[in-house]
Each structure stands twice: as structure tokens, then as C-alpha cells.
Amino acid sequence: MRSNEEIHILVVDDKKGSREALQKMIAKEGYRVSLAHDAETGLELFRQEPVSLVITDLRMPGMDGITLLKEVKRLNGTTEVILISGYGTVESAVEAMREGAYDFITKPLERALVLKAITKALEKQELLRENADLRAKLRNLGDPSGLIGNGQSMIEVKELIRQVAPTSANVLILGESGTGKELVANAIHNLSDRAGKPFIKVNCAALPENLLESELFGYERGAFTGAVARKEGRFRLADEGMLFLDEIGDMPMSLQAKILRVLQEGEFERLGGNETLKVDVRIIAATNQDLQEAIADRRFREDLYYRLNVISIYLPPLRERRSDIPILVEHFIERFSEKNKQRVYAFSREAVELMSNYDWPGNIRELENTVERAVVLGRDDLLSVDDLPPSIARGAEKQDESPVEAGAPVISIPVGTPLSEIEHRVILETLRHTGGDKSAAARQLGIATRTIYRKLDQAESLK
Ligand SMILES: Nc1ncnc2c1ncn2[C@@H]1O[C@H](COP(=O)(O)OP(=O)(O)OP(=O)(O)O)[C@@H](O)[C@H]1O
Ligand SMILES: [Mg+2]
């Protein structure tokens, strides 16, 4: 943040009285002020030294305020301009805003309103500057992985990608939905010596078992009803390149055995055929599931797991790398502003703060959608909290009213327990947890304190 002394404000007004009134208001806040009695003198001053903000009267003898505004904007687009008018005519206000004035205030000048307009104009300017800095940083990253993020975990992920990409090792990418697993897979392919070779993707969760099998291995003509011609599978298409097995945790057990064979021997047959095909395919697999747990549940073969998991890359959820949020927001703003041909510059500080505090269950994909929606629907070039979905905009309140405190003790209740008894046990355990404090327990349970007394009485009388 700039200090007020670093901010230079130029006041242009033909009336001595209002010039000096403005000077007094502004100088009191510690800003540096220069005065000009007409637009020509103002421009002269403007050319001589940097000015953050121009406050100009609309009607003046000689050059008027709107012409001055246009001239200032032409000379330096980052200078903000506030116009003042004795008779706040709507048309002039509209024209001024269209020409890029930040605001329009009417005489008689009210100190509070003037200062508010100044603060807001300067805040916008500051935000735009920060954003330009961020964008420059983004461009300078020049990162071949295409992954945005400067936090420690992202730095480590990028380093791992750089190390593993040029090898021939299979890679397992782990992380919640929307954390960027596919992006990492793309990066590995791009940075590998197979970059010019095919990169074939299969979503193992999207297809029923028999379709998935024929997609992967292909089939011979007549292998099943509807197989009117031979079709090559994705393993064959990926020969010499890479195959991305997305959502591998959802791969049916029976297919896992066949995949294992390709991984071990590099060979397979098309469905309905007996010609053995040899392929050289590097596998990148991804899942949002806990494969250790799947192995314990006998839903996933341990031997396949070890074949796939030569190297694993874990993408932490966004809520565990919040420092990346502002730069990701910036990245998506730029992407979607371009796509939508909109003049969108930035989110307000408050909006970025709310986004930084939000938990993002859908991770980066949810963030991406949120920014796109705001860019498409936002009406101002400064996006505000109002452009965020209610779940994020109300973030602060929502977290406060979270009913269950983290780390609260857990009780287990057999299925079939009567509701009245469940209720009684929960009340007793909550009371134990609060050390017998009935009003604290009532607050946690979301009921009135007297209800606790009543329920305890009832339970007592039933004994
Ligand atoms: N670090 C990042 N920088 C920039 N964009 C990212 C980053 N991570 C993810 N994205 C973007 O977020 C979206 C979701 O990423 P991706 O599809 O790779 O996630 P995923 O982990 O495969 O999700 P799912 O499990 O739901 O398939 C994509 O549009 C991707 O481009
Ligand atoms: Mg994915």
C-alpha cells in the first residue's frame, strides 16, 4: 500500500472558493495536492509530474472537464478522474463515466462524500496495479507444466514432474476431484520424450465394464453383436506414447488382471481374437480414491497398485494450499476475460479474501467455474462479493455457525436403537463433553436450555 504522502492529487476548478475548500479537505488527509485554475494549466502540471488522481470541475471557461478527462486518460490510462459539477446533469454524468471517469460528485461538496470517492478511486487504482504485477509475474513464470501456483506444495509437485517426466516410469496421480490431476498428466506427457507421440485418455469410471474392456483392448469383427468391423483399442492407439487411465480406482477387478498383464508383458489380445499384440505404452493413472483402502476392501489388486505406483504425485486439496488462490483467481480472470471479450480487471479485496477463506470442496475446478460465472455475469470491471455465489459470499457467517466443533468425541450407536434413546445418549455425551455445562450443551445441540432439562426429566421418569 502507498502512504497518503506518496499520492498526488490535482484539483482543477475555476472558482477559487471550491479549489481551496477541496485543497483543505484533501491536504488534511495527508495527500499531496496541486491546484490549477483552468484545464490548460492543469494539463501543464499533469505533464510535469506524476498524478494519481485528478479532481476537476465540469464547467470551466476554456477547456471543459470532460475534455480534460479525455486528455488525462489519453496521456496516462492509470490516472483516475473524478468530476465535479454545480448542476449535476445526468447527461454529463453519463458521458463522463463513459469516457472513463471514476466518479461524479455534485456541489455543494460534502467532505465525507468527497473523501469516500477519493479513497475508492485510489483503492481501485491500487488493485489494478497489484493485478498488473501479478499478471506480469504469471507471464514470467514461463512454466512449461502449465500449472499455476507458487506455494510450497505446488513447487514440489512441479519439481517432481520435471524429474519424472523424462523417465519411463509409470506414474500414479492422487488427489481429490478437481485438484488438477489431468493437468499434471498432460504436463508429464508434454515434458517427456514421448511428447510427439500419442497421449490417449480413458476414463475408467465413465464406461460400463464390457464397453471399457473393448475400448481398452479393441475387438475383432464379429466378437459380439454389433461388432461389424475390427476396432483397435486404446492400448494399441497409445503404442510408443502414453495412456492416461483416469479414475483407475473405479476399474472393475476382472479388467485389472488384464491391465496387469499389459503392464508386465506389454501384450494383449483384441476381444474375440487370438492374435497377440505387443505394445510399448507408458501408463499414467489417476484417482481420487484411497487405493490402500480399496486394496483392503479387495476392490483393487495390490500387484497392479505396485505396478502403477512407481512414482506417485499427490495434489493436496485447494483448502490446504490457500496461498495459491489469489494467483489462480488472477489466472482465470485473464483466461475468461479474453474468452468473453469483457473488460474485467479484478475482484475486490473483500471478494478475494472470501475466496481465500472458502473451503472449495470442488477444488480448482470449482474456483475456475466461480471466476467464469463472475466474469460473465458481473456488471462492473471491478468484481465484488455480490458476484460470488451465496455459499462463498456468506462464507464468514457460515463458518461461524458450523454446528459440530472439530475433534468433538464420537459415539457409536447400533442401527435400530430407538430415537428417544439416541437423543438421550447424545444429550448425555454432549453434557459430558461440556463438563456438565447445560447451556453450552444446548447451544451445541441447537436447542433451548430448558429443553435439555425437560428431556433429562422425561428420561428420568421413564426409568
Ligand atoms: N495448478 C493449476 N493451475 C491452473 N489450472 C489448474 C490447476 N489445477 C487444475 N487446474 C484447472 O482446474 C480444472 C480441473 O483440473 P483437472 O481436470 O486436471 O482436475 P482433476 O484432478 O483431474 O479432477 P477430477 O478428479 O474431477 O477429474 C481444469 O480446468 C484445470 O485446467
Ligand atoms: Mg480428472
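## A parallel sheet and its helices

Let's start inside the sheet: strand 3 and strand 4 run parallel and are joined by 5 bridges. Within this pair, V54 has V81 of strand 4 as its bridge partner. Please keep in mind as you look around that this is a predicted model.

How well enclosed is strand 4 by the rest of the structure? Of its 6 residues, 5 are buried, so strand 4 is largely enclosed.

**The whole sheet**

Stepping back, strands 3 and 4 belong to an open sheet of 5 strands, ordered 2-1-3-4-5 and paired in parallel. Strand 2 (32-36) and strand 5 (103-106) are the edge strands, each pairing on one side only. On average, neighbouring strands of this sheet are turned by 20° against each other, direction ignored.

At the strand 2 end of the order, strand 1 (residues 8-12) runs parallel to strand 2, and 5 bridges join them. Here I9 stands opposite V33 of strand 2.

Two helices that pack on the sheet can be set side by side:

| Helix | Strands touched | Angle between directions |
|---|---|---|
| Helix 2 (residues 39-48) | strand 1, strand 2 and strand 3 (53-57) | about 165° with strand 1 |
| Helix 3 (residues 65-75) | strand 1, strand 3 and strand 4 (80-85) | about 160° with strand 3 |

So that you can find your way between them, note that strand 1 is touched by helix 2 and also by helix 3.

**A residue in helix 4**

Next, have a look at V94, which sits in helix 4 (residues 90-98). Is V94 buried or exposed? V94 has 11 other C-beta atoms within 10 Å, and because 12 or fewer counts as exposed, V94 is exposed. In sequence, V94 and F104 are 10 residues apart, while their C-alpha atoms are 9.1 Å apart in space.

**Helices 18 and 19**

Further along the chain is a helix pair. Two packed helices are described by the angle between their axes and the distance between the axes. For helix 18 (residues 419-433) and helix 19 (residues 438-445), the angle is about 125° and the axes are 9 Å apart. The two helices are therefore oblique to each other, and helix 18 passes helix 19 in a right-handed crossing.

Which residues meet at this contact? Helix 18 brings I427, T430 and L431, and helix 19 brings K438, A441, Q444 and L445. By character, the residues of this contact divide into 4 nonpolar, 2 polar and 1 charged.

Key
Residues are numbered from 1 along each chain as its sequence is written. Chains are lettered from A and ligands numbered from 1 in the order in which they are written. This is a predicted model: local features need pLDDT of at least 70, side-chain atom pairs count only at pLDDT 80 or more; totals for chains, interfaces and linings use all residues. Two strands pair if DSSP finds at least two bridges between them. Helices (H or I, at least four residues) and strands (E, at least two) are DSSP runs, numbered from the N terminus. Axes are lines fitted to C-alpha atoms, for helices over the stretch in contact, and angles run from 0 to 180 degrees between N-to-C directions. Two residues are in contact if their C-beta atoms, placed from the backbone, lie within 7 Å. Angles under 35 degrees count as roughly parallel, over 145 as roughly antiparallel, 65 to 115 as roughly perpendicular and the rest as oblique. A crossing is left-handed if the near helix is turned anticlockwise from the far one by less than a right angle, and right-handed if clockwise. Ala, Val, Leu, Ile, Met, Phe, Trp, Tyr, Cys and Pro count as nonpolar, Asp, Glu, Lys and Arg as charged, and the others, Gly among them, as polar. A residue is buried if 20 or more other C-beta atoms lie within 10 Å of its own, exposed if 12 or fewer, and partly exposed in between; C-beta atoms are placed from the backbone.
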